[in-house]
Amino acid sequence: MRNLLSQPSKKRMYLFKNADHLHNFLQPFRKNGRSIGFVPTMGALHQGHLSLVNQSLAENDITVSSIFVNPTQFNKKNDLDRYPRTPTIDVKKLAKVGNHVLFMPSQAEMYPQESDNTALAFDFKGLDQPMEGAYRPGHFQGVAQIVYLLLQLVRPTRLYMGQKDFQQVAIVRSLIEQTKLEVNLVMCPIIRAEDGLALSSRNVRLQPNSRLKAVALYQALSLAKKQIPQLGSLQTQKNAIAFLEAQAIQVDYFEIVDGYTLQTIDDFEKTDFVVACVAAYFDDIRLIDNMILKEI
Ligand code: AMP
């Protein structure tokens, strides 16, 4: 153990399925003041996930990743059933980048019947109402529930989450404030394919023509970034939606919001942190993306 405490093994990745075993393994690291970076995921890993792991590896003594397809954040059962699962490949990818510890619990491990986790309810002060919150009822309570359970277990120094899920980052920031957990939340940039499509586990399910079409999300966001200083938020939003609908893309929303409150902005000049967020369907695959339009 002494060896491990001084330097987590570069060659070997520790895999835990049991929460107590993970807790016991991490305890000596904590006691010795080692920093722990944590990257929660739902698997089907791609370069976006691995960028979070790499950042954690660079900034912490030990990096813990988790893979758990969390049922409580899916508001549609068939979305949960069809969620891509590639555990064997994921383990190899994580080991290859040098991830130290992987937690891969079963559903029973995270939600044992005797504990009533559904009783957990957080007040996000409206952050959970617009956009994803409006289209996926209960989604963010489910996200908060699993992130809270994982944070209590891992007790990381830093938590790494992607800007790709911008609203989720806001929710988790609020969760950390509400629960007074001592963890630094690090938001990592969106990793994109060469044509601009944000990497997502769901992309593998796109038909070839939809995959080509999906770049329109990035194009609409880029167009908005270019237009908003001249046209203002309302016209920019209208243009972005028209751009997508002209390609027969079914748009759930294209919102231009204050990055802190997630409320629709009405004055671009007077708002310090402006983010455009979009959700749209390609066949029956729902994709989300966003872009920071202004940050002072
Ligand atoms: P998921 O497995 O979809 O729950 O994602 C796990 C983490 O990876 C979340 O914090 C996501 O925001 C992040 N993530 C997903 N896609 C990307 C991407 N393209 N670039 C950066 N981070 C991402």
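Me: Before we start, how do I sort residues into nonpolar, charged and polar here?
Reply: Ala, Val, Leu, Ile, Met, Phe, Trp, Tyr, Cys and Pro count as nonpolar, Asp, Glu, Lys and Arg as charged, and the others, Gly among them, as polar. Keep in mind that this is a predicted model. On that scheme, the shell around the ligand splits into nine nonpolar, five polar and two charged residues.

Me: Which residues of that shell come nearest to the ligand?
Reply: A residue gets in if one of its heavy atoms lies within 4 Å. There are 16 around the ligand, and Met42, Gly162, Asp165, Ile191 and Leu199 come nearest.

Me: And which element gives the most to the shell?
Reply: That's α3, with three residues. β2, α3 (47-59) and β5 (158-162) supply at least two each.

Me: What about polar contacts?
Reply: Look for N or O pairs within 3.5 Å. A backbone N or O atom of Met42 sits 2.9 Å from a ligand oxygen. With His49, a side-chain N or O atom is 2.9 Å from an oxygen atom of the ligand. For Ile191, a backbone N or O atom is 2.9 Å from a ligand nitrogen. As for cover, the ligand alone exposes 490 Å², and the protein buries 93% of that.

Me: In what order do the strands of the sheet run?
Reply: Strands pair if there are at least two bridges between them. Here six strands make an open, parallel sheet, ordered β1-β4-β3-β2-β5-β6. β1 (14-16) and β6 (184-188) are at the edges with a single partner strand each, so one side of each has no neighbour in the sheet. From one strand to the next, the twist averages 25°.

Me: How many bridges join β2 to β3?
Reply: Six, between residues 36-41 and 62-67. Val39 stands opposite Ser65 in β3.

Notes: Residues numbered from 1 in each chain as written. Predicted model: local features only at pLDDT ≥ 70, side-chain atom pairs only at ≥ 80, totals over all residues. Heavy atoms only, no water. Helix = DSSP H or I, 4+ residues; strand = E, 2+ residues; numbered from the N terminus. Axes fitted to C-alpha atoms, helices over the stretch in contact; angles between N-to-C directions. Polar contact = N/O pair within 3.5 Å; in protein donor to acceptor, adjacent residues only side chain to side chain. Areas by Shrake-Rupley, 256 points an atom, 1.4 Å probe, with all protein chains shown as cover.
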